[in-house]
Structures are given as structure tokens and as C-alpha cells.
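Q: Please take a close look at one part of this model: its salt bridges. Which side chains pair up, and where do they sit?

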Amino acid sequence: MGVARTRGTGFAAEVVRTARWGRALAHPARVTILTLLAKRRTCVCGEIVDDLPLAQSTVSQHLRVLREEGLITGEVDGTRSCYCIDPEQIRAMMADFSRLGTSLEREAACGC
């Protein structure tokens with residue numbers, strides 16, 4: 001049975017998904033946002049901006065990236081948006097990274 005390829009890229013869907021997770025984590029602000037949300041264990045609104053050395057508009061851009069990748073969910077309540085981690089997506093991300101790590105570790109015996 002062949003490997004499913006993502007249309008237009010030529011790469012396996014699992015590889016593309018793992019790369020997207022990596023992109024979502026590729027900025028310290030996004031890692032910090034996920035950490036803040038995990039520690040609070042509740043939906044968080046405006047306080048995210050208070051905890052980062054960034055402008056509100058910049059924080060919004062980082063939240064958008066995390067939301068697009070499904071790592072967080074957001075609800076709009078009037079002029080406020082509340083965010084929380086999506087534990088199912090975090091588990092999926094960790095499983096993908098674990099598979100990648102296991103594969104790299106197993107195949108890394110190049111003798112260099």
C-alpha cells in the first residue's frame with residue numbers, strides 16, 4: 001500500500017502535518033502562549049497580552065497561527081476573545097513528533 005501524498009506538495013500527509021506543527025511552535029511567543037494557557041487550565045482572554053512583551057496586534061497574529069493549526073480554540077464574547085488549549089490536538093502533535101523522533105533515532109546510525 002502506498003503512502004498518501006498531500007496534493008500539490010508531493011510529501012506524505014503525515015510529514016506535512018508534522019512540519020505544520022513545527023511551524024506553529026517556531027516562535028517563542030507561541031510557545032509561551034501555549035505554556036500560559038496550559039498553566040491556567042481555563043479559557044484566557046486579555047491577560048495573554050499582559051504576560052508578553054509584545055503589542056496586542058502581534059499577540060493576535062500569534063494566536064491566529066496557533067488557532068489555524070488547531071492547537072488552541074477561541075471563542076468571541078463581544079469584544080473579547082477567550083482561548084484555551086485543545087488537548088486532543090496537543091496529543092496528536094506529540095504523537096507525530098514522537099513518531100518522527102523514533103524514526104530519526106532508529107535511522108541515525110550513519111557511522112559518522
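A: What follows goes through the salt bridges, pair by pair.

The model is predicted. It holds 7 salt bridges. Three of the pairs are described here, along with a network.

Start with Arg23 and Glu69. Their side chains meet in a salt bridge, at 3.8 Å from N to O. Arg23 lies in helix α1, which spans residues 13–24. Glu69 lies in the loop between α4 (56–68) and β1 (72–77). The two residues are 46 apart in sequence, so the pair ties together separate parts of the chain.

The two partners differ in exposure. Arg23 is partly exposed, with a relative accessible area of 43%. Glu69 has 9% relative accessibility. The cut-off for buried is under 20%, so Glu69 counts as buried.

Now look at what surrounds Glu69 in its loop between α4 and β1. Leaving aside residues up to four places away in sequence, Glu69 touches Arg20, Trp21, Arg23, Ala24 and Gln89. Arg23, the salt-bridge partner, is thus one of the residues that Glu69 touches.

Next comes Glu68, which forms a salt bridge with Arg64. Their closest N and O atoms are 3.1 Å apart. Both residues belong to helix α4. They are 4 residues apart, so about one helical turn separates them. Glu68 is partly exposed, at 47% relative accessibility. Arg64 is partly exposed too, with a relative accessible area of 37%.

The third pair is Asp96 with Arg99. Here the closest N and O atoms are 2.3 Å apart. Helix α5, residues 87–107, carries both partners. They are 3 residues apart, and about one helical turn lies between them. Asp96 is buried, with a relative accessible area of 2%. Arg99 is partly exposed, with a relative accessible area of 40%.

Asp96 and Arg99 also belong to a network of salt bridges. Glu14 and Arg17 are linked in that network with them.

To recap by location: Arg23 in helix α1 pairs with Glu69 in a loop. Glu68 and Arg64 pair within helix α4. Asp96 and Arg99 pair within helix α5.

Conventions. Residues numbered from 1 in each chain as written. Predicted model: local features only at pLDDT ≥ 70, side-chain atom pairs only at ≥ 80, totals over all residues. Heavy atoms only, no water. Salt bridge = Lys/Arg side-chain N within 4 Å of Asp/Glu carboxyl O. Buried < 20%, exposed > 50% of the residue type's maximum accessible area, 1.4 Å probe, protein only. Contact = heavy atoms within 4.5 Å.
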